[in-house]
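Work through these exercises with the sequence and the 3D view side by side. Try each task before reading its solution.

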Amino acid sequence: MKKKIIYIIIILLIIGLCIYGALNLFNKKDIVLNSKEVVDGINFGDVSIVKKDGKYIFKVSLSSDTSIHAESFDVEILDKKGNTLDTLSGFIGDINNGEIKEVEIVSKKNLSKAYQVSYTVFKE
């Protein structure tokens with residue numbers, strides 16, 4: 001009798017874990033945009049947008065083939081129809097030859113329909 005109860009508990013745990021995994025798979029909030037672009041000598045890598053605690057975290061890597069200095073950049077985030085979802089600003093500073101900088105920017109706007117990005121670089 002005790003073995004039967006243990007088997008039932010194990011089966012229920014396995015079913016619960018499968019349901020939990022399926023729900024997490026279908027509720028995935030991460031967005032990855034293949035949006036490599038070069039603007040004013042700065043290589044902007046692929047974009048990752050993650051929903052966390054009701055906010056969206058925009059991540060992009062910056063690099064350059066030469067040492068450069070730029071103040072900041074704006075990124076316009078667009079949906080499939082070309083409508084602007086949000087425009088975010090990030091700090092650049094110095095980028096040395098071959099260096100990779102990771103930039104994170106938080107947005108309170110809904111970026112779940114992000115489809116493409118466009119960058120503007122501001123130099124001194």
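**Exercise 1. The core.** Find which residues touch the most other members in the largest nonpolar core, and which elements supply that core.

*Solution.*
Step 1. The model is predicted. Its largest nonpolar core has 27 residues.
Step 2. Within this core, F58, F73 and Y119 touch the most other members.
Step 3. Now list the elements that give two or more residues to the core: β1 (31–33), β3, β4, β5, β6, β7 and β8.
Step 4. The most comes from β5, which gives five residues.
Step 5. For background, nonpolar side chains in soluble globular proteins tend to be buried together.

**Exercise 2. Aromatic rings.** Find how many aromatic pairs the whole structure has, and classify the pair of F44 and F73.

*Solution.*
Step 1. The search of the whole structure gives three aromatic pairs.
Step 2. Take F44 and F73. Their ring centres are 5.3 Å apart, and the planes meet at 65°.
Step 3. Planes over 60 degrees apart count as edge-to-face. The pair of F44 and F73 is therefore edge-to-face.
Step 4. Place the two residues. F44 is in strand β3 (residues 42–52) and F73 is in strand β5 (residues 68–78), so the pair ties together parts that are 29 residues apart in sequence.
Step 5. Check the cover: F44 and F73 are both buried.
Step 6. Extend the group. Ring pairs link F44, F73 and Y119 into a cluster.

**Exercise 3. Salt bridges.** Find how many salt bridges the structure holds. Then say for each partner whether it is buried, partly exposed or exposed.

*Solution.*
Step 1. The structure holds two salt bridges. In general, side chains of opposite charge can pair when their charged atoms come close.
Step 2. One bridge joins E104 and K59, with 3.7 Å between the closest N and O atoms. The cut-off is 4 Å, so this pair qualifies.
Step 3. E104 sits in strand β7 (residues 100–107) and K59 in strand β4 (residues 55–63), so the bridge ties together parts that are 45 residues apart in sequence.
Step 4. Look at accessibility. E104 has a relative accessible area of 55%, so it is exposed. K59 has 32%, so it is partly exposed.
Step 5. The other bridge joins K109 and D86, at 3.8 Å from N to O.
Step 6. K109 is in the loop between β7 and β8 (116–122), while D86 is in strand β6 (residues 84–95), so this pair ties together parts that are 23 residues apart in sequence.
Step 7. K109 is partly exposed at 47% relative accessible area. D86 is buried at 10%.

**Exercise 4. The surface patch.** Find which residues form the nonpolar patch on the surface, and what accessible area they have together.

*Solution.*
Step 1. The patch is formed by I6, Y7, I8, I10, I11, L12, I14, I15 and I19.
Step 2. Together they have about 890 Å² of accessible area.
Step 3. Take I6 from this list. I6 is in helix α1 (residues 2–26).
Step 4. I6 has 48% relative accessibility, so it counts as partly exposed.

**Exercise 5. The whole chain.** Work out how the chain is built, and decide whether it is spread out or compact.

*Solution.*
Step 1. Count the elements: one helix and eight strands.
Step 2. Read them along the sequence. The pattern is α-β-β-β-β-β-β-β-β.
Step 3. Compare the radius of gyration with the globule rule. The chain has 21 Å, well over the 14 Å the rule gives for 124 residues, so it is more spread out than a compact globule.
Step 4. Check the spans. The C-alpha trace covers about 80 × 35 × 20 Å along its principal axes.
Step 5. Add the cover: 31% of the 124 residues count as buried.

**Exercise 6. Positive phi.** Locate D40 and D53, and find what phi each has.

*Solution.*
Step 1. Recall that most residues other than glycine have a negative phi.
Step 2. D40 is not a glycine, yet its phi is positive, about 50°. D40 lies in the loop between β2 (37–39) and β3.
Step 3. D53 is not a glycine either, and its phi is about 55°. D53 lies in the loop between β3 and β4.
Step 4. Check exposure. D40 is partly exposed at 44% relative accessible area. D53 is exposed at 72%.

Terms used. Residues are numbered from 1 along each chain as its sequence is written. This is a predicted model: local features need pLDDT of at least 70, side-chain atom pairs count only at pLDDT 80 or more; totals for chains, interfaces and linings use all residues. Side-chain values use heavy atoms; hydrogens and water are left out. A salt bridge is a side-chain nitrogen of Lys or Arg within 4 Å of a carboxyl oxygen of Asp or Glu. Helices (H or I, at least four residues) and strands (E, at least two) are DSSP runs, numbered from the N terminus. Buried means under 20% relative accessible area, exposed over 50%, partly exposed in between (1.4 Å probe, protein chains only). Rings of Phe, Tyr and Trp (its six-membered ring) pair if their centres lie within 6.5 Å; planes under 30 degrees apart count as stacked, over 60 as edge-to-face and the rest as tilted. A nonpolar core is a set of buried Ala, Val, Leu, Ile, Met, Phe, Trp, Tyr and Cys residues joined through side-chain atoms within 4.5 Å. Patches are made of residues with over 30% relative accessible area and no salt bridge: like charges are joined within 9 Å, nonpolar side chains (Val, Leu, Ile, Met, Phe, Trp, Tyr) within 5 Å. Accessible areas come from the Shrake-Rupley method with a 1.4 Å probe; for residues, only the protein chains shown count as cover. The radius of gyration is taken over C-alpha atoms; the globule rule is 2.2 Å times the number of residues to the power 0.38.
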